[in-house]
Amino acid sequence: MKNIGKMGIHYLQRLKAANVPNDLIEKGQNRVIEASLTLIRERAKLKGELLRALGGVVASSSLLGVPIGHNSSFLQGPAFAPPRIREAIWCGSTNPSTEEGKDLNDPRVLTDVGDVPVQELRDCGVDDDRLMSIISESVKLVMEQEPLRPLVLGGDHSISFPVVRAVSEKLGGPVDILHLDAHPDIYHAFEGNKYSHASSFARIMEGGYARRLLQVGIRSINPEGREQGKRFGVEQYEMRTFSRDRQLLENLKLGEGVKGVYISVDVDCLDPAFAPGVSHIEPGGLSFRDVLNILHNLKGDVVAADVVEFNPQRDTVDGMTAMVAAKLVRELTAKISK
């Protein structure tokens, strides 16, 4: 998978070695980038116009896929997750109602603007600095079309940095973040990669895009993770004390005095008994109902969210984890839409 993910970069290097002019390559890349952004812009515009015409919508969840996997430190299967999550959302084995009674068939509740074409961009030699900017710009294009709010399908956890950056910049200030994960993902630059999925929240906190960062479900953390948490004032809730912390975590109130609440759910926050299809299996995690209790009881204006790190290549044959990820998306949809 790593070789596949780097094919575009290697191809670009060969072109440069063959003395192909840089401006020719850059012009071609710019055309592909603009075409990619144009498709998302026009789809978001269409969905926004529809909802404004229907009326009565304050906020509506809009799916945006970011199928990125090459910033994973272990397996890159999360790049294949967005279509599998969508398939599971609309699986005929369940009905389109969320637990709180919202109908996903109602476009005022849920729309979809498609995917950022990550692999196509990388095939054209677009590097990670530009790719992260493209992801941020894509999120902003969704947010420009009120009442759409982005619900982002990963992909590995590296996507949270450009998404949160875009949300904070678009809203004009920091947000509070609820981050559910087995890992704190706050290394300075894991394995030398500043965009590693294990470093996304270091970039977020460095950028001042969050006022409070609450990390829940943590059970794989080393001294650097704790030191970085202290450096940035992160509120880390480890599984070893979850029984003590449960009442607090199931009655959170976030977002007052800032621009709202961002929720990031790494599927491996769940115990692998509930979600085996992840790259990093960490026993001793949250139950699915634990997660829903935290989400359902949270008080705050949820302005955007992501669901990340589902790895279809490690899922069961009947797609159990896909259904789990889809259920998370469905319940986050209900939390965002109003």
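This passage looks at one residue of helix α3 and then at helix α9 in a predicted model.

Ile-40 makes a convenient starting point. This residue belongs to helix α3, which spans residues 22–54. The relative accessibility of Ile-40 is 2%, and because buried means under 20%, Ile-40 counts as buried. Leaving aside residues up to four places away in sequence, the contacts of Ile-40 are Leu-64, Val-113, Asp-115, Val-116, Ser-138, Leu-141 and Val-142. Val-142 deserves a second look: 102 residues separate Ile-40 from Val-142 in sequence, yet their C-alpha atoms are 7.7 Å apart in space.

Helix α9, covering residues 223–232, can be read from its two sides. Its buried residues are Gly-225, Gln-228, Gly-229 and Phe-232. Viewed down the helix axis, these buried residues fall within an arc of 105°, so they line one face of α9. A general rule helps in following this pattern along the sequence: an α-helix has 3.6 residues a turn, so residues three or four places apart point the same way. The cover over the buried residues of α9 includes α8 (200–206) and β6 (235–238). On the other side of the helix, Pro-223, Glu-227, Lys-230 and Arg-231 are exposed.

The ends of α9 can be described as well. At the N-terminal end, Asn-222 acts as a cap, with a side-chain oxygen 3.2 Å from the backbone nitrogen of Glu-224. After the helix comes Gly-233, which has a positive phi, near 70°.

Technical notes
Residues are numbered from 1 along each chain as its sequence is written. This is a predicted model: local features need pLDDT of at least 70, side-chain atom pairs count only at pLDDT 80 or more; totals for chains, interfaces and linings use all residues. Side-chain values use heavy atoms; hydrogens and water are left out. Helices (H or I, at least four residues) and strands (E, at least two) are DSSP runs, numbered from the N terminus. Buried means under 20% relative accessible area, exposed over 50%, partly exposed in between (1.4 Å probe, protein chains only). Contact means heavy atoms within 4.5 Å. The arc is that of the directions from the helix axis to the C-beta atoms. A polar contact is a pair of N or O atoms within 3.5 Å; within protein, one must be able to donate a hydrogen and the other to accept it, and residues adjacent in sequence count only if both atoms are side-chain atoms.
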